[in-house]
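Please look through the sequence and the model below before reading on, and keep both in view. The paragraphs that follow lead from one part of the fold to the next.

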Amino acid sequence: MAAAIQPLPVTSVLFACTYNIIRSPMAAGILRHFHGNRLFVDSVGVRESDQVDPFAVAVMDELGMDISRHRPKTFEELEDTSFDLIITLSPEAHHRALELTRTMACDVEFWNTFDPTLVEGNREAMLEAYRKVRDGLMERVKERFPTQRGPMV
């Protein structure tokens with residue numbers, strides 16, 4: 001009987017969304033918070049943007065996670081594309097990641113994540129939408145990368 005193949009440990013993770021200003025910086029900030037000394041973590045977007053969303057900065061700051069210095073970048077601006085795992089958070093980013101990894105030994109996972117900019121309303125309604133995204137990403141990160149053992153592909 002053949003021995004079961006053990007999954008390889010993840011050493012580098014790339015989060016990707018549409019603009020790299022809300023969902024992927026949040027996810028990267030959360031993963032860095034829990035595993036920053038064990039993993040290389042980065043984030044990108046499919047489309048260019050200027051700065052991280054202030055609501056994303058505010059809701060992450062509520063948990064003591066500072067993403068205010070994040071500078072959005074696109075797939076084309078990545079200096080290194082040798083990631084063990086790319087986690088995509090929007091359909092557009094997922095398609096782009098699949099194109100990128102056609103000739104690479106890299107796993108791609110799709111975590112379809114709501115875009116909180118689609119919510120309309122006052123400041124508190126907006127913050128609540130961003131908190132829901134943050135909390136959903138926190139749950140997924142903790143489930144996928146448990147702190148009691150090393151993360152696996």
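In this predicted model, a good place to begin is the pairing of strand 1 with strand 2, which run parallel and are joined by six bridges. One of the residues taking part is L14, whose bridge partner in strand 2 is D42. Strand 1 itself is largely enclosed by the rest of the structure, because six of its six residues are buried. If you follow its side chains, you will find that S12, L14 and A16 point one way from strand 1, while V13, F15 and C17 point the other way, and that all of them are buried.

These two strands belong to an open sheet of four strands, which has the order 2-1-3-4 and parallel pairing. At the edges of the sheet are strand 2, residues 40-45, and strand 4, residues 107-110, each of which pairs on one side only. From one strand to the next, the twist averages 20°. Towards the other edge, strand 3, residues 85-88, pairs with strand 4 in the parallel sense over four bridges, and here T88 has F110 as its bridge partner in strand 4.

Two helices can now be added to the picture. Helix 1, residues 23-35, packs on the sheet and touches strand 1 and strand 2, and its direction makes about 175° with that of strand 2. Helix 3, residues 91-100, also packs on the sheet, where it touches strand 1, strand 3 and strand 4, and its direction makes about 170° with that of strand 4.

What does E109 touch, if residues up to four places away in sequence are not counted? This residue, which is found in strand 4, touches L85, I86, I87, T88, H94 and R144. The side chain of E109 makes a polar contact with the side chain of R144 at 2.8 Å, and another with the side chain of W111 at 3.2 Å. For a sense of scale, E109 and I30 are 79 residues apart in sequence, and their C-alpha atoms are 17 Å apart in space.

Both partners of E109 in these polar contacts lead further into the structure. R144 lies over the face of F145, at 5.1 Å from the ring centre. W111, in turn, brings us to the aromatic pairs, of which a search of the whole structure finds three. In the pair of F15 and W111, the ring centres are 6.1 Å apart and the planes stand at 65°, so the pair counts as edge-to-face, a term used for planes over 60 degrees apart. This pair links distant parts of the chain, since F15 lies in strand 1 and W111 in the loop between strand 4 and helix 4 (123-144), 96 residues apart. Both F15 and W111 are buried.

The last stop is H35, which is found in helix 1. Is H35 buried or exposed? With a relative accessible area of 0%, H35 is buried, because that value falls under the 20% limit for a buried residue. Leaving aside residues up to four places away in sequence, H35 touches F145, P146 and T147. In one of these places the link is a polar one, for the side chain of H35 reaches the backbone oxygen of F145 at 2.7 Å. F145 is thus a residue that H35 touches, while the face of F145 has R144 lying over it.

Technical notes
Residues numbered from 1 in each chain as written. Predicted model: local features only at pLDDT ≥ 70, side-chain atom pairs only at ≥ 80, totals over all residues. Heavy atoms only, no water. Pairing = 2+ DSSP bridges. Axes fitted to C-alpha atoms, helices over the stretch in contact; angles between N-to-C directions. Contact = heavy atoms within 4.5 Å. Polar contact = N/O pair within 3.5 Å; in protein donor to acceptor, adjacent residues only side chain to side chain. Phe/Tyr/Trp six-rings, centres within 6.5 Å; stacked < 30°, edge-to-face > 60°. Buried < 20%, exposed > 50% of the residue type's maximum accessible area, 1.4 Å probe, protein only. Lys NZ or Arg CZ within 6 Å of the ring centre and 35° of its normal.
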